[in-house]
Structure formats: C-alpha cells, structure tokens
Amino acid sequence: MSLELRGVGLRAGADTHIHPTDLVCEPGSFNILLGTTLAGKTTMMKLMAGLERPTAGTVWFGGRDVTGVSVRRRNVSMVYQQFINYPNMSVYENIASPLRVTKVDEAEIKRRVGTMAELLKLSPMLSRRPSELSGGQQQRTAMARALVKDADLVLLDEPLANLDFKLREELRDELPRLFADRDCIVVYATTEPVEALLFGGHTACLHEGRVTQFGPTAEVYRNPSDLVSAQVFSEPPINVAPVVKAGETFRFGQDTAFPASGPFAALADGAYTLGIRPHHVAPTPSGDNPVPVDGHVLVTELSGSESVIHFTVQGETWVSQSHGIHPFEVGTDQRLYADMSKALVFDGDGRRIEI
Amino acid sequence: MNKTHDNRAWLFVLPVVALVAFNAIIPLMTVVNYSVQETFGDNVFFWAGVMWFEQVLQSERFQDALLRQLTFTFTILLIEVPLGVAIALTMPKKGPWVPVCLVLMALPLLIPWNVVGAMWNIFALPDIGLLGRSLNALGFDYNFTRQPGDAWFTLILMDVWHWTSLVVLLAYAGLVSIPDAYYQAAKIDGAKPFAVFRYIQLPKMKRVLTIAVLLRFMDSFMIYTELSVLTGGGPGNSTTLLSIDLVKIALGQFDLGPAAAMSLIYFLIILLLSWVFYTLMMRNEQQ
C-alpha cells in the first residue's frame, strides 16, 4: 500500500506550518525527511499518521482517502526522539501492548514478542522496567513496540538523536536490516545529511515547512533542484558564492575573478550563485578546474586524517574539508583552491541551472 | 585526589549547630525535661521517671483522641487525594484559562488558617450561615454545634475545601510534565482513556502524589487552628483531636508533666507514621 499526500498543508491562524505538499511513498520504501530543527519534520509525520488533521489537501493510503480517519483506526506506529515506553510495565508488556489492544491471542503475542526481542537483542531484559535499561535499550524497546504490530506505516522521528555516538552507530547499522523484509512504508526524520546518505532510499528535503525536493537519496544529493535543497543536504554546509558573469569572467565580490570557461561559457551574462561542497575546496589545487580563493581563517578543526577549515572569503563564510593535516593558524590569510568543475550553478531565484 | 583532613572545618558547621540547638534541640529538651518530672509549683521538681508516659498511654482520653485523629486523617486523605487528582485531570493543559484555574485553585491555600475556621464557623451556623440555613431549609436537621455527626461533616468539608487545592496543584504539576509524545504513542496504540490514565498519567504522577500524601498526612495530623476556631473540639469531646486535647491539658489544666509526655508521644507517632509511609511508597517505587 502506498502513502500519498495530495496538496496537504497545515495552517494555524496566520502561521503556515506546512505548505501544500505533494508526496508519494511507495510500498516497502524507506523515506527520509531531511531538515533542520523546526523545518516541519515532526508536523509532517503527524499529518501522515493522522495525529494532526491537514487544513488543506487529502491524505491517501492504499488508494483510500484517509484524511479524517483517526490514528486509532489506521495501522500506524511511531518512534520518537525521547524514549517513550509505559513506565510501570515490563519490557515484555511494553512490546506486547499494541497487540493487547487488537485482541491477539496469548500464544501469538508470546511468539511475536519473542521474535521482536531476539531481533532487537532485548531477550535478556524482558522482565525489566524501562527505567532499569540504558538509553539504547529503552529506544530498542520503543522500536520493538513500533515493529511488533506489523504497521503499514512506520514513522521514526529522529530516533537516534538522544543516543550517544556509539549506540547511535550501532542502531543505525541495524535499522535497514529490521525493515529489509517488510513491505511497510518507513518514514525517517533526521537533521543529519550523513544519516540520509547511509540509509539510501528516498529523501525529501524540508525547509521552513516546504518540501523543496523529493527523490532517490543519491540523486537528491548529486543533483539538488535548488539552492535550499543543496544547503539542507550538505554537512558541513555548502559554500555559496554570489557571482556576476560578464563575458568570459565571473566576478566574485570586490577583487576575486576567475574565468567562466568550459561549461560556464554557455551561461548568459548576469547574476548567479555558485554552490561548492566543502570537500571540493582544499589548501592545494586539485580537481579539473581549481580556482584560487583568498580567505581569512576563522577556525581550524583537525581530526586524525582530515582538516576542516572555516574561513571568510569576500564576505561569505566558507568551509574546506580536505584530507591530510593542514594546521592553518587562526586569523591568518590563506590561499585555498575551489574546484569549479564541481560547482553547482543556481540562478537569481536559487533555481538550479544544469550545465 | 586525596582529601585533606582539617579539624578547623568544624568551625564552618558550628553556626548551624548553634542555630539548630536554639530553635529545635533546646526547646525539645525542655519538653523532655518536663515529661520526666513532677512539680508542685515554686519551680521545685521531683523525678517522676516514665510515670507520665504510662499515664498518658493508658488513659482512655488519649486513646479516644488518637482514634479520632486517625479517623479524621484517613478520611480526608481518602477524599482529598482522589478528588485532587480528578480535578487536576480536568484542568486545561494550555491556553488562557491555565493561569485563571491555577489562581482559583491556589486561593484557599492563601487564606490564613484562623480565617478559614471563622469563615466556616459562620458559613455553617444553622440560624444565619448560608450552609446551615440552606441545609435546614432543605429539611435536614443540621446543627454542627450540637450534633457530633454534623460537626464531623463540617470539619471534613472544611478541610477538603481548604487543602484539596494542594493535591490539585501537585498532581497538575506532575501531569503537565508528561511529554506530548506519550499521549500520541498511546493514541497510536489505540489505548482507551482509562488505560492512558492507568499506564501513563498515574505512574508519571507517582512521585508528586507521594509528596502530596505525605504532606497532607502530616498536616492533617497537626491540624489545630481551623479546628479550634470551628468547633473548639466540641460538641462535648466529639471533635477533640490530639492537638486540641494537648492544648487543653497543657494550658487548660496546666498539667505540665502529662502534657510534655503527650507532646513527645504525639511527635513520635507523626515521625513513625511518616517514616512508615515514606518507606512503603519508596519501596513500591523501586519494584
């Protein structure tokens, strides 16, 4: 069964929480809602689940209009950023709780809770209370509760955000396996582009209550349809260069200019915005078209094998992410090189221009 | 890191010791002193041992007062805690009515205790009070100054009016601290309203309700002001709870020895029962 949003929007008074959105999630697909905090991810999920009624448009599920149907009568499950379990029930009872409501017989409950616990490595903790578990185990319990009832739609609202790094990695690796042989639709909200890339599937970029782009994850990453989508789907943030093309040159700010050669030559004269991902900016020339930019270093972060350098260039804040250790001193002026052959070109309204 | 021991650190504790000694330990010791001695005036004291304690514990008067006290305390707990939770559940969680409800709820708590007693005394008078007059007009033979049953009814009604708000405010604080996601999760599970109350709201309110029960228990055991203004322990001795009885013995009859012994017994009962309550509820918490 597929989930379809047709012009779904949500307004409250003068505030628009969600702009009218069209979105189709295929059966068995893994869909990612990618956006910063307050972009509208949770609201979008509530609209999909039926926890919130849209003020415009209709929600279709399996070819049926379910817009006004209460969440109680839809087969939906949800996992939250906070670890939500019934505090005074054992882990076993917690996992069994969605089945109890639907009057499944005891032997079947036992079998399904057992399978779920095995899958999520909770078998030794079945008789414990949630408060006696670690954060990771609590979230696994919540996940088991969401999965045990074979919901048609599983919503995961930043389920890993409150976990520490190691547990997050661990659960992140397990997630695709959990859904591998299910035909439910999974919607996963996250603020981290890396998570989207790891999970694959489809990604919807969400910005200020608007879905700016939706498509296969790799496709959205490689070919953002506009500047906002590129900004949402880039970590560290994508570098932006407002340029003016005049004849054979791009002028960037006061005193940087570089040739608008090769594929850029076809562009008409005028104002454009170039987007260059951080890993295409490096202290040494690399790539097919390295263009020197002179920056003023703000912060240098050195990890074991990688340097992340934040600097200002022509009034814009840029980030360079490169291999090797480049201990640039903070406050110094340095020359870096942006590989313009990888640059994304956007017009004055922020729409992508394919070149 | 090794902690260095320095006896001069005790100097920091001394002011507190002195303060506690003056406001708690020394007065308490005076009472202990009286409770084991007998005097015939002129500040001459004779050793009396545990005589007063035996006398108080064996006296029917004390036993009756204690029984009345326990009846009163458990009755108001049984009414105020469920009622307080019920009111808290019906209060709005957000919107412009929240402050209005909270202020209305807090109002009874802000009224001085003797005013509460005086208010209810006048309110319940059978000839001029609104409550007393109305009840009589409805055909009830109501007179709280003459009939013990009516006196108890008025006393409990007054305490419920005065103190349910405390339970409401505590329970409400517990309720609003439950994240919205819990309710959504219950909705998704298809849980009925009672299940939401039983498995989410009640467990989440447990801590504050423990505090509420403990506070109401201790305070109701120590009730004096409102009661003394409302009925003064009457009619007869029918509403003479422990505190009223104590004052009668200490100040009415000026029996310092028995009064001191009774104070200590009274104090130990509160301490013991509070401890039992607290331990039981905390043990429940851990299970």
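Chain A has eight helices and 21 strands in its secondary structure. Keep in mind that this is a predicted model. Along its principal axes, the C-alpha trace of chain A spans about 75 × 45 × 35 Å. The chain has 355 residues, and 40% of them count as buried. If you look at contacts in chain A with a separation of 6 or more, 66% are between residues 24 or more positions apart.

**One of the sheets**

Let's start with an open sheet of four strands in chain A, which has the order 2-1-4-5 and antiparallel pairing. Strand 2 (15-25) and strand 5 (64-65) of chain A stand at the edges; each has a single partner strand, so one side of each is left without a neighbour in the sheet. Further in, strand 1 (residues 3-12) and strand 4 (residues 56-61) of chain A pair in the antiparallel sense over five bridges. To find one of these pairings on screen, pick L3(A): its bridge partner in strand 4 of chain A is F61(A).

Strands in sheets can be joined in two ways: they pair through backbone hydrogen bonds, either parallel or antiparallel.

**A pair of helices**

Next, have a look at helix 3 (residues 106-119) and helix 4 (residues 135-148) of chain A, whose axes come within 10 Å and cross at roughly 135°. Helix 3 and helix 4 of chain A are therefore oblique to each other, and their crossing is right-handed. On the helix 3 side of chain A, the contact is made by R112(A), V113(A), M116(A) and A117(A), while helix 4 of chain A brings in A144(A), L147(A) and V148(A). By class, this contact of helix 3 with helix 4 of chain A has six nonpolar residues, no polar ones and one charged.

**Where chain A meets chain B**

There is a second chain to look at too: 17 residues of chain A are in contact with 14 residues of chain B. Which elements give two or more residues to the side of chain A that touches chain B? They are strand 6 (76-79) and helix 2 (91-101) of chain A. The residues on that side of chain A divide into twelve nonpolar, four polar and one charged.

Here are the two contacts by residue class:

| Contact | Nonpolar | Polar | Charged |
|---|---|---|---|
| Helix 3 of chain A with helix 4 of chain A | six residues | no residues | one residue |
| Side of chain A that touches chain B | twelve residues | four residues | one residue |

Methods
Residues numbered from 1 in each chain as written. Chains lettered and ligands numbered in written order. Predicted model: local features only at pLDDT ≥ 70, side-chain atom pairs only at ≥ 80, totals over all residues. Axes fitted to C-alpha atoms, helices over the stretch in contact; angles between N-to-C directions. Parallel < 35°, antiparallel > 145°, perpendicular 65-115°, else oblique. Left-handed = near helix turned anticlockwise from the far one by under 90°. Contact = placed C-beta atoms within 7 Å. Nonpolar A, V, L, I, M, F, W, Y, C, P; charged D, E, K, R; others polar. Buried ≥ 20, exposed ≤ 12 C-beta atoms within 10 Å, placed from the backbone. Pairing = 2+ DSSP bridges.
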